[in-house]
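Q: Could you take me through one part of this model up close? I'd like to look at the backbone of chain A and the spots where it does something out of the ordinary.

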Amino acid sequence: MSEVLMNDNRLAVLDHSRLRAKAGKPGTDRGRISVRDVDIVFDTPTGSHIAVQNANLTVRPGEFVCLLGPSGCGKSTLMNSIAGFVPPTRGDVTVDGEAVTEPGPDRGMVFQQHSLFPWKTVKENVAFGPLMAGVGQNEANSVARTFLSLVGLAAFENAYPNTLSGGMQQRVGIARALANYPSVLLMDEPFGALDAQTRIMMQENLLEIWREFHNTVVFVTHDIDEAVFLSDRIVVMSASPGRIIADIKVDLPRPREQSLLTSPDFMALKRQCLDLIRKETLNAFQQQNKVG
Amino acid sequence: MDNHSNAALLTAPMEETDGSPGVEQIIRKEATMASPMAEKTSDNARLPARIWMKTIGVRYLVRIMALIVAVVLWEFASRNGFHFYINFDNIPAPSVVGTALVAELSGQEFYLHILHSLERVAIAYVLAVVVGVILGVAMGRSRWAEDIILPYIELLRPIPAVAWIPLAILMLPTEQSSIIFITFLGALFPVILNTVHGVEQTSSVLVRAARSLGASRTAILWHVVLPGAMPSIVAGLAIGMGVAWFSLLAGEIISGQYGIGYYTWNSYTLIQYPQIIIGMLTIGGLGTLCTLLVRKGCNPLLKWQAKGGRS
């Protein structure tokens, strides 16, 4: 993948000053996320369900944070409130001091799967964001090509998404989210549906891309290895109600490569997360049993 | 359902890479490693003519044979006055119908009937598509619109075209407009219902993706909702075209002069049996042809579905 990040591509990335100006300079001063005293409650036919309870979280600009927890712990819900899809019932969510009220191109989203527009070619998918931002068709296309080169899919610009493998589709998804030069990248289990080999490759790709842009990343996952491998910080959540129970600093050196996965430091962090998750999962089981 | 046309569309080869060998290698590797689909696509693209004949050609041959068998049986039944519950005594044989058809085709009158019908169908159909898609999208997007419009559709849809004739005559100024109205109603309901169905199936992930990319409500309608509903809308357009011809026949009962429906009814009144059959087959043929044109015409809107070769 390193061959992909060639010098001319880098130059091309830096060329799109108009879009960049809109987004500010990612990785320097923009992309500070602040979640304060947030509860998110859903009304269901059987009563109200507390998805997130009293969440407090600050993410510094350029930080890579993983939200880790068992399924159903509200980590996606919390991310969706940062994205602007789910309003918090109580408390507030701000990005760079501004309250989040709706989704916006400053917060790029990458979804688990099937989120590309199947009727648009790969290039049209990536060009969509810039077009919506009001740049001309030509400039949008050139932005799209730049980002497709960045994820190594320049050759597939005229293909339709359903002709690509799952891993390639997710790379297009990442290129599409980045094409708006967002200050924050929100990723909701983006590699969850991929096979193990592809997943590891994608994680390495993502870190290389992130090194280029250094924007803030919030990454939702239930995979401990993934969380430790990728992030600067792991925010561990517990299930029902979803609460933040730990905030673990990941002090592993960067750039990170696959060999890290077997190092003692990695193992120690993994064990720490594993113990927390295990305790929480057991708790959740017991609660479910009580309810059932 | 349309396998042969899909196979024909699978010809677009993957575009070549942009020069950097590193990229190319990686892509090739992943394409073969993670996606057997890419391989399959290029195989299908080079489907040789010989194999086409063996697989798809044979199927068409069978279809044509099936029709020929029916015509031969009909000829036999008519010539021998087959009468066992079903009576072929007064049914002209295909050869007789053929002779009459040749006579009609060499005159001018027959083409005028067809032209008048085509004109009516064209006007009624275009109106039905415009009104149907707009109402369908409104109903699919807004609960209010659905609650207001749906009762009318539920109530009016089961009413057959023939039943509308008296009201159409009373309500509309000219004979032409009455016929067009009846044809329009026939085409309208399938278009509306399929559009609603398509719009309601809009993927919520895609809407969220579009919103996070900065799309406005209008942009979401154009770039997400309508393209997503398109397969269903196209199905509705094709069904609508069929029903339009079907209703036209009923409408043209009130026509005083021209139209293929009028021609058929008039032949019945005048006891011209071969002409009745010519009229029926013409309506069937034109209906099929127009439906096919609608499907083919809409294919470019759906090319993203065919390209993958997934079925």
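A: Let's start with a term: helices and strands here are DSSP runs, with at least four residues for a helix and at least two for a strand, numbered from the N terminus. Keep in mind that this is a predicted model. Counted that way, chain A has 9 helices and 10 strands. Of its 292 residues, 57% are buried.

Now for the backbone. Most residues other than glycine have a negative phi, and most peptide bonds are trans. With that as the background, three spots are worth a look.

Go to strand 1 of chain A, residues 33-44, and you'll find A:Asp37 there. A:Asp37 isn't a glycine, yet its phi is positive, at about 50 degrees. How buried or exposed is A:Asp37? Its relative accessible area is 36%, so A:Asp37 counts as partly exposed.

Next up is A:Asp96, in the loop that links strand 4 (90-95) with strand 5 (98-99) of chain A. Here again phi is positive in a residue other than glycine, with a value near 50 degrees. A:Asp96 has a relative accessible area of 28%, which means that this residue is partly exposed.

The third spot is about a peptide bond rather than phi. Going from A:Arg254 to A:Pro255, the bond is cis, and omega is near -5 degrees. To find A:Pro255, look in the loop of chain A between strand 10 (243-249) and helix 9 (264-291).

Terms used: Residues numbered from 1 in each chain as written. Chains lettered and ligands numbered in written order. Predicted model: local features only at pLDDT ≥ 70, side-chain atom pairs only at ≥ 80, totals over all residues. Heavy atoms only, no water. Buried < 20%, exposed > 50% of the residue type's maximum accessible area, 1.4 Å probe, protein only.
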